[in-house]
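Subject: Structure for you to look at

Dear colleague,

I am handing over the structure we spoke about, and below it you will find my notes on what turned up. Please read them with the model open beside you.

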Amino acid sequence: QTTANTYHNLGVLSCLMKKMPQSEEYFNKCLHINLNLRETSINTAKVYESLGFFYKTTGNVAKAEETFTKAIDIHAKLSGENSLNVAEVLIKLGELFHAKGNIPKAEEYISKALQIRIAQTGETSFLTATTYFMLANVEIKKGRVKEAQDLLLKALPIYEAQNKENTKEMGALYEGLGMVFSASDFKRAEDYYQKSLKIYRSFFD
């Protein structure tokens, strides 16, 4: 397992250094060792997740979906189909397809993750709130402004309760609220944009 971990670390490092063929080779060596040790293990699932990220980075959507799905299958066997580990990889799939403009698939995966996170952590957990935010961005892409408003307004008090007022995440949430209210409530939109600007300026001025 130590050798596998080293191959994995080299794969991550090579990816960061943009040495993609080398990175893929290291990840596959790590995967080969883990599959021989135990095909259904958390370590094998994590390697598939890393390969999914690798293929996402290189633009190979089909391979990214394939490897992320293999990670989900293992997590489901180990901890159940409604586990938080499954939800985490579903989010990665949602982000993959959102970035590639496949909004229906992005919505499918993020919605599944949201259902799991609500079931496991409740409707008012911060983990659930971040998922509301992700799904709101998908709804904006679909032109469903009212649905996006509802999701962002659900997330807002949770972010505030978590003392996120002066974080970049809160700035992004305010910016999203400004966007979705800009067509229906100018004053409210301006207020949210001003709050977002205040936070961003605290980081970049």
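How far apart are the end C-alpha atoms of α2, and what should its 18 residues span? Please bear in mind throughout that this is a predicted model. At 1.5 Å a residue the expected span of α2 is 26 Å, and its end C-alpha atoms lie 26 Å apart, so the two values agree.

Within this helix, which covers residues 20-37, the buried residues are M20, S23, Y26, F27, C30, L31 and N34. They sit on the same side of α2, because the arc that they cover around the axis is only 135°. An α-helix has 3.6 residues a turn, so residues three or four places apart point the same way. The buried residues of α2 pack against α1 (2-16) and α3 (42-58), whereas the face turned away from the buried side carries the exposed residues P21, H32 and N36.

N34 may deserve a separate look. Its relative accessibility is 2%, and it therefore counts as buried, the cut-off being under 20%. Leaving aside residues up to four places away in sequence, N34 touches Q1, A4, E39, N43, T44 and V47.

Elsewhere, the largest pocket holds about 150 Å³ of space, and its lining includes T69, E81, L93 and Y109. Two or more lining residues come from each of α4 (61-79), α5 (84-99) and α6 (103-121), with α6 giving the largest share, four residues. By type, the lining divides into six nonpolar, three polar and two charged residues.

With best wishes

Definitions and conventions. Residues numbered from 1 in each chain as written. Predicted model: local features only at pLDDT ≥ 70, side-chain atom pairs only at ≥ 80, totals over all residues. Heavy atoms only, no water. Buried < 20%, exposed > 50% of the residue type's maximum accessible area, 1.4 Å probe, protein only. Contact = heavy atoms within 4.5 Å. Expected span 1.5 Å × (residues − 1). Arc of directions from axis to C-beta. 1 Å grid on protein atoms, 1.4 Å probe; cavity = no way out; pocket = protein on both sides within 12 Å on 5 of 7 lines; lining within 4 Å. Points joined across faces, edges and corners; volume = space filled by probe spheres on them. Nonpolar A, V, L, I, M, F, W, Y, C, P; charged D, E, K, R; others polar.
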